[in-house]
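Dear colleague,

I am passing on the structure I mentioned, with a short account of what I found in it. Please look through it at your own pace and set the notes below beside it.

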Amino acid sequence: MSLFDHKIKDLHELLHKKEITVSDLVDESYKRIQEVESKVQAFLTLDEENARKTAKQMDEELAKGSGKGILFGMPIGIKDNIVTKGLRTTCASKILENFDPIYDATVMENLHNAGTITIGKLNMDEFAMGSSTENSYFQKTYNPWNLETVPGGSSGGSAAAVAAGEVPFSLGSDTGGSIRQPAAFCGVVGLKPTYGRVSRYGLVAFASSLDQIGPITRTVEDNAYLLQAISGLDPHDSTSANVPVPNYVESLTGDIKGLRIAVPKEYLGEGISEPVRQSVLNALKVLEGLGATWEEVSLPHSKYGVATYYLLASSEASSNLARFDGIRYGYRASGAENLIDLYKKTRSEGFGEEVKRRIMLGTFALSSGYYDAYYKKAQQTRTLIKNDFDKIFENYDVVIGPTTPARAFKIGELIDDPLTMYANDILTIPVNLAGLPGISIPCGFDEGLPLGLQIIGKHFDEATIYRVADAFEKATDYHKQKPQL
Amino acid sequence: MSRISKEQVKHVAHLARLEFSEESLEKFTSQLDAIISYAEQLNELDTTNVPPTSHVLDMKNVMREDIAEPGLPREEVLKNAPDHINGQVRVPSVLE
């Protein structure tokens, strides 16, 4: 029995009944890391000394009767593309190997205000480009359910650390599925919020029109608490939305009577593995049993999502990553003869293969003579994909399907086959393109590996997603299964 | 028919301020060619008169009061610079 088998709310109560201390929680994290990290390898940097010091201070505050917030004293892991003041932030890239941020991301300020304790920074695909965490410059992360398989990506470290019980929850980021796909592969709960729900200030940009930070947790309730803490308007991010943040935990009523579910036929058709299909159909039965109804619908343009995404995300990335030039921060190559040479050597030595591939694709798609044929065409297709969802949401409350076409794949299986790797995100990408919120929750197993159910909601309607996910969780046991490490 | 030639890849690499060995140039050319061919499935779609979406939120220019705030201290800003001297970032020669 680990302390982290408790929900956040229960841990909070134990703290205030003085049955445990904040130091106990931090101890639990580092003890578990000591036990399993050599197998899982989720963390790139640990902040143990600081975390223990903070825990002591917090225990003193608690003794004085302060520290009432629900997240006060809770250990958390942070994906390594979210800047943390004074704590190395690498994006899992050689080019930022020694980068020491001089400010905190807005989500980090929010978390400090809420009283969480940062345990360390979590591994990812370099600059969040990938679906397996194999593209990290530093190390691979292993799926706690089967160490021969990938944890998914790009937030593979964030999902694996929660699944392995190293931290009770973590933050990831999702550009085309990078929270939901690893959450599915690792059997945890991962939410990509509506575009604009959470500030991106201090999230190292990959594709600015798609990126969102979101919570990865063991339960839906924990997820709602964490989203609550990081949501809202931020003057530092002009794309953060001025939309009121509801009380998410209050939406967890367990009541989904009369809920109208749309199930896109494209999400259960060709290319979807049979165990995945069955797990989703079973989940729909559970939801029906709780009083919801579902009907088959069509997202006719979803099949163009992957192509659209790779053109748009790579174009935005090629522009965003231009800042890594070896001048103001990061790695600088030696032996350059002039400035252009310095840029080229620095970037060629500093970036990994997949990052270069995407910068090249994006630069091509934006280059003179190709812009209309590729970039603009993809932006127009994005409109069609968004319209598909808008139409469905006129008549339904949520869209449900699988998170991924199949369970986690083997390490090394797809690394030399970019197109097949990209196809892994076929069910998550359309959600980013449309800017919608989506969650992945555990809904079954295939040969001992977890499967994820994806619930997609209307813009800024995370509350309904949580209500449905929570009702499903209360009616099932999948989230209670733990990997044996 | 290949959609992209090795010469084009070299040109794009220069635009992106990247350089490749001959060997990886071959690999990148064939991989980019495959990805671009795949992307051309979008040509099946008639997008005449479809407005492009660059951003999903219905927002225009976001304005704020023009209030000066303190900037970051110079030592802090230079902390991550690979080479600096007398409070300035040092770079190789720009002019030939």
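What percentage of the 485 residues in chain A is made up of buried residues? The share is 66%, and this, like everything below, refers to a predicted model.

As for the overall fold, chain A contains 15 helices together with 11 strands. Its radius of gyration is 21 Å, which is close to the 23 Å given by the globule rule for 485 residues, so chain A is as compact as a globular protein of that length. Taken along the principal axes, the box filled by the C-alpha atoms of chain A is roughly 65 × 55 × 45 Å. Among the contacts in chain A with a separation of 6 or more, 76% are between residues that lie 24 or more positions apart.

Turning to the surface and the charges, chain A exposes about 16000 Å², of which carbon and sulfur atoms supply 47%. The chain carries 50 positive and 62 negative side chains, and the centres of these two sets lie 2 Å apart.

One element that you may wish to view in detail is helix H5 of chain A, which spans residues 156–163 and is mostly covered, with 8 of its 8 residues buried. The buried residues of H5(A) include A:Gly156 and A:Gly157 at its start, then A:Ser158, and later A:Val162 and A:Ala163. After H5(A) comes A:Gly165, whose phi is positive, near 75°.

With best wishes

Technical notes. Residues numbered from 1 in each chain as written. Chains lettered and ligands numbered in written order. Predicted model: local features only at pLDDT ≥ 70, side-chain atom pairs only at ≥ 80, totals over all residues. Heavy atoms only, no water. Helix = DSSP H or I, 4+ residues; strand = E, 2+ residues; numbered from the N terminus. Rg over C-alpha atoms; globule rule 2.2 N^0.38 Å. Buried < 20%, exposed > 50% of the residue type's maximum accessible area, 1.4 Å probe, protein only. Contact = heavy atoms within 4.5 Å. Areas by Shrake-Rupley, 256 points an atom, 1.4 Å probe, with all protein chains shown as cover. Lys, Arg positive; Asp, Glu negative; His and termini not counted. Charge placed at Lys NZ, Arg CZ, Asp CG, Glu CD.
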